[in-house]
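Reader: I'd like to talk through this one with you. Could we take it a question at a time?

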Amino acid sequence: MAKYFVLFGPPGVGKGTQAERLQKELKLAHVATGDLFRDHLKRETDLGQLARSYMERGALVPDDVTIGMVRERMKDADTQNGMLLDGFPRTIAQAEALDRLLAEKGDKIQHVLFVNAPKQVLLERLGSRWTCKQCGKVYNALSQPPKVHGVCDDCSGEVYQRPDDKPEVQEKRINVYLEQTAPLIEYFRGLGQLTEINGVQSVDQVYSDLMKAIERSGQ
Ligand code: ADP
Ligand code: ZN
């Protein structure tokens, strides 16, 4: 049976870093809606143009657009064994749509991995987060810089500060998370699908906690 995990948590908590490792271990397609939108921006598609105006302000892209994009992505061959969803669902409406899309295939979410950290920690991390423009790999200017300044270790792409990681937008994104996304915590908890993991630990320790939660969810 296909396996669907949701990596859930506030912006800057380290989902992208963990997703990269989990994807290799679990051999599931990593579907990050933020990355999909950034890819559309880069290719200057209509969807990219539309998403830009929301992303730049730190707002959410409308549900119908986001859900439509995920629905398309779910047709790709690499998602047929399951997905590691990252940054989706971000609203109750998205969670309900995901349930419906999975139900059509006779599937459901196996588990939601909720990585959490206090706002102050998130602001510090977002402020020093740098991202590869080409492959999306996440760096931290202070704790995990690329080997060569401005150049991605993996693909030699340009490492830049995402426009929505600039200080003016950070706070807004965290507030959007608290207002529109955090209600999902109770939603998933109510379904008995959620494990909370402390994001204020080393990358290795968070990873090990995630793997434990994943193993338990399969029992
Ligand atoms: P982070 O990794 O900091 O959580 P993402 O890369 O996931 O940020 O998302 C960046 C931006 O892309 C969001 O601020 C939002 O504008 C848009 N976005 C990503 N996923 C979604 C979604 N599921 N629904 C609506 N907008 C989204
Ligand atoms: Zn790269």
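Reader: Which side chain of opposite charge is nearest to Asp-107?

Author: Keep in mind that this is a predicted model. Asp-107 is buried, yet it has no salt bridge. A salt bridge would need a Lys or Arg side-chain nitrogen within 4 Å of a carboxyl oxygen, and the nearest candidate sits 5.6 Å away. That side chain is Lys-105.

Reader: Where is Asp-107 found?

Author: Look for the stretch that joins a helix to a strand: the helix is α5 (92-104) and the strand is β4 (111-116). Asp-107 is in the loop between α5 and β4.

Reader: Leaving aside its neighbours within four places in sequence, which residues is Asp-107 in contact with?

Author: Skip anything within four places of Asp-107 in sequence. What remains is Met-1, Ala-2, Tyr-4 and Leu-102.

Reader: What radius of gyration does the chain have, and what would a compact globule have?

Author: For 219 residues, a compact globule would come out near 17 Å. The chain agrees with that, and its C-alpha atoms fill a box of roughly 45 × 40 × 35 Å along the principal axes. Its radius of gyration is 16 Å.

Reader: What share of the residues is buried?

Author: Buried here means under 20% relative accessible area. Counting over the 219 residues of the chain, the share is 49%.

Reader: How far apart are the centres of the positive and negative side chains?

Author: There are 30 positive side chains and 31 negative ones. Take the centre of each set, and the two lie apart by 2 Å.

Note on methods:
Residues are numbered from 1 along each chain as its sequence is written. Chains are lettered from A and ligands numbered from 1 in the order in which they are written. This is a predicted model: local features need pLDDT of at least 70, side-chain atom pairs count only at pLDDT 80 or more; totals for chains, interfaces and linings use all residues. Side-chain values use heavy atoms; hydrogens and water are left out. The radius of gyration is taken over C-alpha atoms; the globule rule is 2.2 Å times the number of residues to the power 0.38. Buried means under 20% relative accessible area, exposed over 50%, partly exposed in between (1.4 Å probe, protein chains only). Lys and Arg count as positive and Asp and Glu as negative; His and the chain ends are not counted. The place of a charge is taken as NZ of Lys, CZ of Arg, CG of Asp or CD of Glu. Helices (H or I, at least four residues) and strands (E, at least two) are DSSP runs, numbered from the N terminus. Contact means heavy atoms within 4.5 Å.
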